[in-house]
Amino acid sequence: MTAPYAFTHALCRAPAPSAIHGIRADGGPDPDFAGLTAEHAAYVAALRDLGLTVDVLEPLDAFPDALFTEDVALTFPEGAILLRPGAPTRAGEAQHIRAALAARHLRLLEMTGPGHADGGDVLRLADRVVIGLSDRTDRTGAEELAGLLGTLGHAAEIAQTPPGVLHFKTGCGLIDDTTILAVPALADCPQFVGLEVVLTPLGEEAAANILRVRDTVLVGDRWLTTRALLTARGVATRALPTDQIAHIDAGLSCMSLRW
Ligand code: CIR
């Protein structure tokens with residue numbers, strides 16, 4: 001299997017003005033639309049600079065969270081899987097990305113339900129895919145998804161997202177094939193046995209949603225200690241602004257589908 005970050009393509013969606021009304025768990029203030037758009041543009045530019053072909057879909061004003069394409073599908077060189085997002089206001093997003101996926105992937109599988117799964121709960125490792133149960137991904141959905149992953153040739157394991165953490169990958173991200181950056185609540189995750197788990201520095205738990213793209217790890221620019229920690233390990237990093245998307249509970253992995 002190729003490295004789980006040896007991407008050549010990404011699929012993003014431009015934020016619509018409605019994105020300022022995106023879901024947030026803490027009821028905090030809206031993000032600033034110009035700032036959100038600038039963060040998205042910087043992200044797309046970074047992916048392109050790292051060598052990926054990035055397509056950016058038109059904004060979807062009816063779906064405030066639609067810029068977070070990661071949650072509605074899974075994409076692999078072998079094919080794509082259309083998911084059933086767990087938040088009721090996001091369920092309709094999947095149909096709006098179907099044609100774009102069908103145009104880019106020879107195989108397009110699809111969850112039929114009744115369960116739900118969000119792509120933010122799916123962590124791809126070198127030898128398997130981990131699906132975290134969360135408020136968005138239920139066991140029925142995770143089991144259906146594990147079966148579809150099997151059809152594409154990927155082994156899947158089901159894990160538990162810690163309480164209070166939106167998505168499994170809100171709390172962890174891949175540094176390299178055998179190393180994971182994770183919040184302390186995931187330190188003893190049984191699915192990480194045999195891997196090295198590097199914990200987020202105190203106060204930088206929100207930095208865990210890093211995104212490895214080829215040889216570089218994207219990290220939020222606020223997380224200076226995390227970035228220093230990665231640099232000290234010999235990891236090439238690139239800092240990106242995430243202040244505005246953080247208002248609506250998002251991080252770096254959320255804004256693209258990658259394969
Ligand atoms: C949501 O709550 O669905 C969005 N406001 C944030 C989605 C973040 N996506 C992700 O972690 N994969």
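This report covers the ligand site, the cavities and two backbone features of the structure. The model is predicted.

**The ligand and its contacts**

Fourteen residues surround the ligand, written here as a shell of 14 residues. Those that come nearest are Ile 23, Asp 65, Asp 71, His 167 and Ile 248. By class, the shell splits into 6 nonpolar, 2 polar and 6 charged residues.

Three side chains make polar approaches to the ligand. Asp 65 places a polar side-chain atom 2.8 Å from a ligand nitrogen atom. Asp 71 has a side-chain N or O atom 2.8 Å from a nitrogen atom of the ligand. With His 167, the ligand partner is an oxygen atom, and a polar side-chain atom of His 167 lies 2.8 Å from that oxygen. How much of the ligand does the protein bury? Taken alone, the ligand exposes 340 Å², and the protein buries 99% of that.

**The largest pocket**

The ligand takes up the space of the largest pocket. The volume of this pocket is about 740 Å³. Its lining counts 40 residues. Nearest the centre of the pocket lie Leu 166, His 167, Thr 170, Asp 249 and Ala 250. His 167 therefore appears in two lists: it is among the residues that come nearest the ligand, and it is among those nearest the pocket centre.

**The cavities**

The structure also holds 2 cavities of 30 Å³ or more. The largest cavity contains about 330 Å³ of space. It is lined by 22 residues, and the closest to its centre are Phe 7, Val 122, Arg 124, Lys 169 and Arg 258.

Which elements give two or more residues to this lining? They are strand 3 (73-76), strand 6 (122-124), strand 9 (172-176), strand 12 (211-213) and strand 15 (257-258). Strand 3 gives the most, with 4 residues.

The second largest cavity has a volume of about 30 Å³. Its lining is made up of Arg 13, Leu 60, Ala 66, Thr 69, Val 72, Glu 93 and Ile 97.

The table sets out the linings by class.

| Space | Nonpolar | Polar | Charged |
|---|---|---|---|
| Largest pocket | 17 residues | 12 residues | 11 residues |
| Largest cavity | 12 residues | 5 residues | 5 residues |
| Second largest cavity | 4 residues | 1 residue | 2 residues |

**Two backbone features**

Most peptide bonds are trans, and most residues other than glycine have a negative phi. Two sites here deserve a look on that account.

The first is a peptide bond. Gly 113 and Pro 114 are joined by a cis peptide bond, with omega at about 15°. Pro 114 sits in the loop between strand 5 (108-110) and strand 6. Strand 6 is also one of the elements that line the largest cavity.

The second is a phi angle. Arg 214 is not a glycine, yet its phi is positive, at about 55°. Where is Arg 214 placed? Arg 214 lies in the loop between strand 12 and strand 13 (216-220). Strand 12, like strand 6, gives two or more residues to the lining of the largest cavity.

Note on methods:
Residues numbered from 1 in each chain as written. Predicted model: local features only at pLDDT ≥ 70, side-chain atom pairs only at ≥ 80, totals over all residues. Heavy atoms only, no water. Near = heavy atom within 4 Å. Polar contact = N/O pair within 3.5 Å; in protein donor to acceptor, adjacent residues only side chain to side chain. Areas by Shrake-Rupley, 256 points an atom, 1.4 Å probe, with all protein chains shown as cover. 1 Å grid on protein atoms, 1.4 Å probe; cavity = no way out; pocket = protein on both sides within 12 Å on 5 of 7 lines; lining within 4 Å. Sits in = over half its atoms within 2 Å of the grid points. Nonpolar A, V, L, I, M, F, W, Y, C, P; charged D, E, K, R; others polar. Points joined across faces, edges and corners; volume = space filled by probe spheres on them.
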